[in-house]
Amino acid sequence: MIDLVERAQRGDADAFGLLAGGVTDRLYATAYLVLRDRALAEDAVQEGLVRAWTELPRLRERDRFEAWIRRIVLRQALDEARRARSRPRLTVLEHDGPAVDGHHDAIGVRDWLDSALARLTPEHRAVLVLRHYLGLSVPEIAGALDLRLGTAKSRLHHATQAMRAALDADARADARRHLA
């Protein structure tokens with residue numbers, strides 16, 4: 001991989017395409033989990049890839065290419081989230097299809113988690129995605145989001161509390177509906 005990075009740094013677009021192609025799915029998944037919107041996630045990844053191409057000659061740690069490009073895409077995702085807050089939003093319902101043999105419970109849990117995650121701020125979603133989806137340590141989260149270590153710890157703590165509160169609120173609302 002280091003050879004591909006070096007070739008891409010010298011302007012080899014094919015080498016960059018191979019590098020980006022190897023991480024694009026993970027970048028999109030990360031951006032989507034932060035943004036909760038397919039189009040915005042695609043925009044964040046696209047803009048992140050363009051920025052990565054232009055900034056690639058300045059990459060010093062060639063063996064950290066994926067972490068470096070993830071940081072760029074995360075910044076783009078957070079920028080997209082800030083811009084999206086100021087725009088009116090049209091919601092299109094997405095349907096994954098009917099539940100199939102025993103998968104109903106898994107779908108219900110996923111929907112429950114998605115609902116709670118959607119109510120968090122993009123900054124809180126970002127730290128939870130990095131920690132629980134990508135498995136990054138707190139120092140790695142701090143690096144990915146350009147935060148001080150204490151700020152990353154604090155943000156992760158508050159995000160976890162907010163997620164628990166959102167899940168508890170959903171559980172209480174479901175209980176009230178079942179009692180009614």
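**Exercise 1. Classify Q9 as buried or exposed in this predicted model, and list its contacts distant in sequence.**

Solution.
1. Locate the residue: Q9 is part of helix α1.
2. Take its relative accessible area, which is 14%.
3. Apply the cut-off: buried means under 20% relative accessible area. Q9 is therefore buried.
4. List the contacts, leaving aside neighbours within four places in sequence: Q9 is in contact with L56, P57, L59 and R62.

**Exercise 2. Find which residues L4 touches, and how far L4 is from R62 in sequence and in space.**

Solution.
1. L4 belongs to helix α1.
2. Not counting residues up to four places away in sequence, L4 touches A15, L18 and L19.
3. L4 and R62 are separated by 58 residues in sequence, while their C-alpha atoms are 9.3 Å apart.

**Exercise 3. Determine where α2 is kinked and how its span compares with that of a straight helix.**

Solution.
1. Helix α2 covers residues 13–35, and a straight helix of 23 residues would span 33 Å at 1.5 Å a residue.
2. Between its end C-alpha atoms, α2 spans only 28 Å.
3. Look for a bend: α2 has a kink of about 50 degrees, centred on V23.
4. Check the N-terminal end. D12 caps α2 there, with a side-chain oxygen 3.0 Å from the backbone nitrogen of D14.
5. Check what comes after the helix. α2 is followed by R36, which has a positive phi near 65 degrees.

**Exercise 4. Identify the buried residues of α2 and the share of the largest nonpolar core that α2 supplies.**

Solution.
1. The buried residues of α2 are A15, F16, L19, A20, V23, L27, A29, T30, A31, L33, V34 and L35.
2. Several spacings in that list can be read against helix geometry: residues three or four places apart point the same way, because an α-helix has 3.6 residues a turn.
3. The largest nonpolar core has 51 residues, of which F16, F65, W68, I69 and L145 touch the most other members.
4. At least two core residues come from each of α1 (2–9), α2, α3 (38–55), α4 (65–85), α5 (104–118), α6 (122–133), α7 (138–145) and α8 (149–179).
5. α2 supplies ten residues, the largest share of this core.
6. For F16, contacts beyond four places in sequence are with A8, L49, A52, W53, L56 and F65.

**Exercise 5. Compare the settings of R36 and D146, two residues with positive phi.**

Solution.
1. State the background: most residues other than glycine have a negative phi.
2. R36 is not a glycine, yet its phi is positive, near 65 degrees. D146 is not a glycine either, and its phi is about 55 degrees.
3. Place each residue: R36 sits in the loop between α2 and α3, and D146 in the loop between α7 and α8.
4. Classify R36: its relative accessible area is 16%, so R36 is buried.
5. Classify D146: its relative accessibility is 48%, so D146 counts as partly exposed.

**Exercise 6. Count how many residues of α6 are buried, then give the buried fraction of the protein.**

Solution.
1. Nine of the twelve residues of α6 are buried, so the helix is mostly covered.
2. These are P122, E123, H124, R125, A126, V127, L128, V129 and L130.
3. Just after α6, G135 has a positive phi of about 70 degrees.
4. For the protein, 37% of the 180 residues are buried.
5. The secondary structure consists of eight helices and zero strands.
6. Of the contacts between residues at least 6 apart in sequence, 68% join residues at least 24 apart.

Note on methods:
Residues are numbered from 1 along each chain as its sequence is written. This is a predicted model: local features need pLDDT of at least 70, side-chain atom pairs count only at pLDDT 80 or more; totals for chains, interfaces and linings use all residues. Side-chain values use heavy atoms; hydrogens and water are left out. Helices (H or I, at least four residues) and strands (E, at least two) are DSSP runs, numbered from the N terminus. The expected span of a helix is 1.5 Å times one less than its number of residues. The bend at a residue is the angle between axes fitted to the seven residues ending there and the seven starting there. Buried means under 20% relative accessible area, exposed over 50%, partly exposed in between (1.4 Å probe, protein chains only). A polar contact is a pair of N or O atoms within 3.5 Å; within protein, one must be able to donate a hydrogen and the other to accept it, and residues adjacent in sequence count only if both atoms are side-chain atoms. A nonpolar core is a set of buried Ala, Val, Leu, Ile, Met, Phe, Trp, Tyr and Cys residues joined through side-chain atoms within 4.5 Å. Contact means heavy atoms within 4.5 Å.
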